[in-house]
Amino acid sequence: MSLIDKLIRRSIRDLKPYSSARDEFQGEATTFLDANESPFNTGLNRYPDPLQKELKLLLSKEKSVSADQIMLGNGSDEVIDLLFRAFCEPGKDNVIVLPPTYGMYSVCAAVNDVEVREVVLIEGERVDLKGIEAAADGNSKLLFLCSPNNPTGSIIDINVIEDLLSAFSGLVVVDEAYIDFSSTPSCLMLLGKHPNLVILQTFSKAWGLAGVRLGVGYGSVELIDVLNKIKPPYNVNQLTQRVVMEALRNKEQVESWVTAILAQREVLELALSQSPVVKKVWGPEANFILFEVGDPDGLYEALVNNGVIVRNRSRLKGCEGCLRITVGTMEENLRFLEKLNEYAKEVVV
Ligand SMILES: *Cc1c(COP(=O)(O)O)cnc(C)c1O
């Protein structure tokens, strides 16, 4: 029995998937009268390719991963939800998350009636391996590792990830939403070595396409087949496929954006670390910086009153006192720093 056979929910294993018109006929023809579409050309009158083959081919070349190891979703949030639905039996199975981290893992768990076991990161950055071992049991299906982590910006060492891949009996989901901003390599190179590895990436951050909603899951062929079997047939629309293919053909643009963000991140990091109201700046490996102040609500209010919105993370366990700022353009960052300075002058006497 394969690993996926062992982990998959019975009802999903036995599911006969919906077969769309586009599934049943693929190829060249002159007359398409099979899908109840409109015959009038709007540029969008046909259903999109359910398996996004052309887009996957481009992505496969870009990432050096075989196209049948790629799953595309309506944002990576959809891929996260599909993982729950495929592998976690409601009311019975559990997943492990390492707070403080991205909130969607727990939200998806709650929606699917799946227990969440929290193993808090040591000092907000280091993985508690013994804690995970103690929390895991035969019903632990997913372990979420977010690296670089939202909201701390910390990374999990690739050796630690490999240790967890060997030790954990379920799927290890490495969320690399911010990998393009990190100094560490992606886990994609581990894909061939570990059948229980799932990697999530997204076009929402470095690629500048949060509005199109495109998330990517990478995994074994068998795992990707399971996700494709249960996804809504046309989950990635035609406009999204078109725009993302354009972006992939023009990736110099993304590289120059990333360079600009990294330079601005350095400016922000330095200014924050020198501010008299800032107690701690977390080592940033993403396009945001988490920093701790004495009165997070006070600073947040002062910024809001000046039209500058950051994320108040101070009520998150492990992030007490912290605000998170996304790296913006030079002008936006300067405006933030100007308001931070004004605030500092008022509170530090
Ligand atoms: C922003 C973010 C995502 C991206 O989600 P999409 O649904 O692809 O927009 C995924 N994981 C983390 C940790 C994030 O911060």
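This short talk goes through the ligand site, the two cavities and one buried aspartate of the structure above.

Please keep in mind that this is a predicted model, in which local features need pLDDT of at least 70 and side-chain atom pairs count only at pLDDT 80 or more, while totals for chains, interfaces and linings use all residues. Residues are numbered from 1 along each chain as its sequence is written, and side-chain values use heavy atoms, with hydrogens and water left out.

Let me begin with the ligand. It is surrounded by 13 residues, of which D175, Y178, T202, K205 and R213 are the closest; a residue belongs here if one of its heavy atoms lies within 4 Å of the ligand. By class, this shell has four nonpolar, five polar and four charged residues, where Ala, Val, Leu, Ile, Met, Phe, Trp, Tyr, Cys and Pro count as nonpolar, Asp, Glu, Lys and Arg as charged, and the others, Gly among them, as polar. A polar side-chain atom of T202 lies 2.6 Å from an oxygen atom of the ligand, and a backbone N or O atom of S76 lies 2.7 Å from a ligand oxygen. For D77, a polar backbone atom is 3.2 Å from an oxygen atom of the ligand. Taken alone the ligand exposes 390 Å², and the protein buries 94% of that, with areas from the Shrake-Rupley method and a 1.4 Å probe.

Now to the cavities. On a 1 Å grid over the protein atoms alone, a cavity is a set of points where a 1.4 Å probe fits but cannot get out, and lining residues have an atom within 4 Å of a point. How many cavities of 30 Å³ or more does a search of the whole structure find? There are two, and the largest has a volume of about 70 Å³, a volume being the space filled by probe spheres set on the points. T202, which we met at the ligand, is also among the residues lining the largest cavity, as are W207 and Y218. The second largest cavity holds about 50 Å³ of space, and its lining has six nonpolar, three polar and no charged residues.

Finally, consider D81, which lies in helix 5 (residues 76-87), helices being DSSP runs of H or I with at least four residues. D81 counts as buried because its relative accessibility is 17%, and buried means under 20%. Its side chain makes polar contacts with the side chains of R85, at 2.9 Å, and N112, at 3.1 Å; such a contact is a pair of N or O atoms within 3.5 Å, one able to donate a hydrogen and the other to accept it.

Key
On a 1 Å grid over the protein atoms alone, a cavity is a set of points where a 1.4 Å probe fits but cannot get out, and a pocket is an open set with protein on both sides within 12 Å along at least five of seven lines; lining residues have an atom within 4 Å of a point. Helices (H or I, at least four residues) and strands (E, at least two) are DSSP runs, numbered from the N terminus. Buried means under 20% relative accessible area, exposed over 50%, partly exposed in between (1.4 Å probe, protein chains only).
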